[in-house]
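Morning, everyone. Let me put the model on the screen and walk through a few places in it.

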Amino acid sequence: MAQLFDRGYRLIVGDKAGGNAIEFTDLQITFSVDKSNEVHADKCDLSIYNVSPDSIKNFLIEDNIVELYAGYGTEINLIFVGQIDIVSTELNGADIIVKMTFSDGRVSMVETTVDKHFPAGSTLDQVLRSLSTTLGFSYSSNNGTYPQGTGLTYVYPRGVSVSGNVKQWIDTTIKGHDIHYFVSNKIAYAVPVNAPIGSEVANVFTPETGLIGSPNKKNVTSKINKKKKSKDVREGIEFRALLANDVAVGTLVQVKSKFVDGLYQVTKVKHQGDYRGGQWFSDIEGILPVTATETETVYNKYVKGGGTDIIEADVE
């Protein structure tokens, strides 16, 4: 972990094309970033103080994008990117405060509709890849320990038609295949329930590298097969650390303390910051994962620059 002092941030507000943006690095800000492996959009609540009147207008433009980077020293990494949902200004004494809530893909997930047919032989992974691209997201997936022909490798023998709201179709479909589908920083992830998105350990948390206090263990129960009515009970953990900007939902982290020494898959992250105050930490929850070495990558290609990864001959 980088040196845990000299906190810093970058806040960039601009249009989707990136050609008209303004950056803040030294005004007082507070933020709360909530990320999880649920289908609903991640969100960030942020307040910035004493923005100039000319700059305030950037927060009021419909569809503007906000990028929040935070960390320590030179390790100022992206912790959230999203579209402004709610914004307001208020006067508190001599301070002008701009308050906003922005979400990661909420508008795309809620508003996008399609009418598309995928031919016989298409897999669930191919369908989710195409729909993710339609939503404007990059896509990454693995099938974990699921046997061939199940999970993301399930094959539609007669093809499948997707018509109407994309989010509703994804929500309904993944439940029947025990798949988690979630979006983080404009990347859509599709992974088996309780499986990590990869085998690399993102971070090791010890009292020397930012772990605050003692981790709490707890059992986490999730129904992984509604048809068989079976349950998967795993050991869970929750802990606080100094702001961990390199930890993402679905990644693996190692926690080492006096009473805990284990590898966990991150299920929730809450980053909280007060640039000139006391808060600059992350609350992290996780579970014991499916053995990371057993995960099988189905598809892991990041879309760059708004391009497309749909293989037209296969899915149109």
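Start with the aromatic cluster: ring pairs link Tyr9, Phe31, Tyr275 and Trp280. Rings of Phe, Tyr and Trp (its six-membered ring) pair if their centres lie within 6.5 Å; planes under 30 degrees apart count as stacked, over 60 as edge-to-face and the rest as tilted. A word on what you are looking at: this is a predicted model, where local features need pLDDT of at least 70, side-chain atom pairs count only at pLDDT 80 or more, and totals for chains, interfaces and linings use all residues. Residues are numbered from 1 along each chain as its sequence is written, and side-chain values use heavy atoms, with hydrogens and water left out.

How many aromatic pairs does a search of the whole structure find? Eight. One of them is Tyr154 with Tyr156: the ring centres are 5.1 Å apart and the planes stand at 90°, so this pair is edge-to-face. Buried or exposed? Here buried means under 20% relative accessible area, exposed over 50%, and partly exposed in between, with a 1.4 Å probe and protein chains only. Tyr156 has 10% relative accessibility, so it counts as buried. Tyr154 has 29%, so it counts as partly exposed. Back in the cluster, Tyr275 and Trp280 form a tilted pair, 6.4 Å centre to centre with 50° between the planes. Tyr275 and Trp280 are both buried.

Now charges over rings. The rule is NZ of Lys or CZ of Arg within 6 Å of the ring centre and within 35 degrees of the ring normal. Arg240 places its charged end over the ring of Phe281, 3.8 Å from the centre. Arg10 does so over the ring of Tyr69, at 4.7 Å from the centre.

Next, the strands. Helices (H or I, at least four residues) and strands (E, at least two) are DSSP runs, numbered from the N terminus. Two strands pair if DSSP finds at least two bridges between them. Look at β17, residues 261-274. Which strands pair with β17? β18 does, antiparallel, over eight bridges. β3 does, antiparallel, over seven bridges. β16, residues 252-256, does too, antiparallel, over five bridges.

The connections: β16 and β17 form a hairpin with four residues between them. Another hairpin takes β17 into β18 through five residues. For β16, Lys256 has Asp261 of β17 as its bridge partner. On the β18 side, Lys268 stands opposite Glu285, and Lys270 has Asp283 as its bridge partner. Lys270 of β17 is also the bridge partner of Asp34. As for β18 itself, residues 280-287, six of its eight residues are buried.

Stay with Lys270. Its side chain makes a polar contact with the side chain of Ser32, at 3.1 Å. A polar contact is a pair of N or O atoms within 3.5 Å; within protein, one must be able to donate a hydrogen and the other to accept it, and residues adjacent in sequence count only if both atoms are side-chain atoms. Ser32 lies in β3, residues 29-36. Ser32 is buried, with a relative accessible area of 14%. Contact means heavy atoms within 4.5 Å. Leaving aside neighbours within four places in sequence, Ser32 is in contact with Lys43, Cys44, Asp45, Lys270, His271 and Gln272.

Last stop, Tyr181 in β11, residues 179-184. Tyr181 is buried, with a relative accessible area of 0%. Its side chain makes a polar contact with the side chain of Ser132, at 2.7 Å. The C-alpha atoms of Tyr181 and Leu128 are separated by 9.0 Å, with the two 53 residues apart along the chain.
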